[in-house]
Amino acid sequence: MFLLESNNNFKIKTVHNLLEQKKVKIVDTKNKKFFQKLYLYFGNNQIEVLFMKEKKIFKCPVNFNVLVNAIIELLSNFEIKYKNLIYCPIKNRITKDNFSASLGEIHNLILIYLFLNQKDGILKDELYAILWPNDKNIQINKLDTHLTNLKSFLYEKINFLIKISSSKGNISLGID
C-alpha cells in the first residue's frame, strides 16, 4: 500500500485507475494505512514522479503505460526490512539470509496487512473482507487455513518462523 498524491486531482485519478488495473495497492487518502508516499507533480511540459529518495521526470506528452510501468519499477524497489527478513510487497517476494520465495496473491496480501498493522493488529473480519470482498458468508476458518499455510510455506521455503498472534478476533504479527 502506497499513498498516491499529486498537484492535479483530475490526472491522478487516471494514474490511480491504471495502477489498480495492474493490481498495485494504492490508496488516495491519508485515512488509510500505507508504507510510503508516491507523489506525482504535473507541470506544463513534464511529469515528476517522486518516491522516497528517487525522482523520475517524463517529458509531455507521455504514454501512460510508460509512466505506470516506471512507477511500478520504482515501487518494486521498496523493501520492508525486519531482523534478517527482506519483504518486497510489489514483487511478492520474501527473503531471509540466502533463501528466497515468491508469494501467492493471498499470502502476499496477508503479509502486506500484517506489516501495515504491525503495531495494533487487524481484525480477522476486516482482513477477510479485504482478501475475499465478494464472499457473502464470512468463514473465518478459511482465513485461519491461509494463515496456517502461510506459516508452513515460509518455514519450508526460507526457514522463517513467523508468529501470528490472535486475541479477540484481532491478529498481529510477531516474528522471532
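What share of the contacts in the protein chain with a separation of 6 or more comes from residues 24 or more positions apart? The share is 50%. Good morning, everyone. Please keep in mind that what we have on the screen is a predicted model.

Let me start with the overall picture. The protein chain has 176 residues, and 41% of them are buried. It contains five helices and 12 strands. If you lay the C-alpha trace along its principal axes, the span is about 50 × 40 × 25 Å.

Now let's go to the aromatic residues. There are seven aromatic pairs in the count. I would like to show you two. Phe 2 and Phe 78 sit edge-to-face, with 5.3 Å from centre to centre and 90° between the planes. Phe 2 belongs to strand 1, residues 2–6, while Phe 78 is in the loop between helix 2 and strand 6, so this pair ties together parts that are 76 residues apart in sequence. Both Phe 2 and Phe 78 are buried.

Phe 78 has a second partner for us to look at. With Phe 51 it forms another edge-to-face pair, this one at 6.4 Å centre to centre and 70° between the planes. Phe 51 comes from strand 4, residues 46–51, so here the parts tied together are 27 residues apart in sequence. Phe 51 is buried too, as is Phe 78. If you add Phe 35 to your selection, you have one aromatic cluster made of Phe 2, Phe 35, Phe 51 and Phe 78.

Next, helix 2, which covers residues 64–76. From first C-alpha to last, its 13 residues reach 18 Å, close to the 18 Å expected at 1.5 Å a residue. Which residues of helix 2 are buried? They are Leu 67, Val 68, Ala 70, Ile 71, Ile 72, Leu 74, Leu 75 and Ser 76. As a reminder, an α-helix has 3.6 residues a turn, so residues three or four places apart point the same way. The buried residues of helix 2 pack against helix 1, and also against strands 1, 2, 3, 4 and 5.

Let's move along the chain to helix 5, residues 140–158. Two other helices meet it, and I'll take them in turn. The axis of helix 3, residues 105–116, comes within 10 Å of the axis of helix 5, and the two cross at roughly 95°. That makes helix 3 roughly perpendicular to helix 5. On the helix 3 side you can pick out Ile 106, His 107, Ile 110 and Leu 111, and they meet His 146, Leu 147, Asn 149, Leu 150 and Phe 153 of helix 5. By class, that contact has six nonpolar residues, three polar and no charged ones.

The second one is helix 4, residues 124–131, whose axis also comes within 10 Å of that of helix 5, crossing at roughly 85°. Helix 4 is therefore roughly perpendicular to helix 5. Here Lys 124, Asp 125, Leu 127, Tyr 128 and Leu 131 of helix 4 make the contact with Ile 140, Lys 142, Leu 143 and Asp 144 of helix 5. How do the residues of this contact divide by class? Five are nonpolar, none is polar and four are charged.

Just a few loop residues to go. Asp 120 lies in the loop between helix 3 and strand 10, and it counts as exposed at 51% relative accessibility, the cut-off being over 50%. Leaving aside neighbours within four places in sequence, Asp 120 is in contact with Lys 33 and Asn 170. Its C-alpha is 8.7 Å from that of Ile 171, which is 51 residues away along the chain.

Finally, some backbone details. Most residues other than glycine have a negative phi, and most peptide bonds are trans. Against that background, have a look at the bond joining Cys 60 and Pro 61: it is cis, with omega about 0°. Pro 61 is in the loop between strand 5 and helix 2. Asn 159 has a positive phi, near 55°, and is found in the loop between helix 5 and strand 11. Asn 159 is partly exposed, with a relative accessible area of 40%. Lys 168 also has a positive phi, about 55°, and sits in the loop between strand 11 and strand 12. At 82% relative accessibility, Lys 168 counts as exposed.

That's my tour, and thank you for listening!

Conventions: Residues are numbered from 1 along each chain as its sequence is written. This is a predicted model: local features need pLDDT of at least 70, side-chain atom pairs count only at pLDDT 80 or more; totals for chains, interfaces and linings use all residues. Side-chain values use heavy atoms; hydrogens and water are left out. Axes are lines fitted to C-alpha atoms, for helices over the stretch in contact, and angles run from 0 to 180 degrees between N-to-C directions. Helices (H or I, at least four residues) and strands (E, at least two) are DSSP runs, numbered from the N terminus. Angles under 35 degrees count as roughly parallel, over 145 as roughly antiparallel, 65 to 115 as roughly perpendicular and the rest as oblique. Contact means heavy atoms within 4.5 Å. Ala, Val, Leu, Ile, Met, Phe, Trp, Tyr, Cys and Pro count as nonpolar, Asp, Glu, Lys and Arg as charged, and the others, Gly among them, as polar. Rings of Phe, Tyr and Trp (its six-membered ring) pair if their centres lie within 6.5 Å; planes under 30 degrees apart count as stacked, over 60 as edge-to-face and the rest as tilted. Buried means under 20% relative accessible area, exposed over 50%, partly exposed in between (1.4 Å probe, protein chains only). The expected span of a helix is 1.5 Å times one less than its number of residues.
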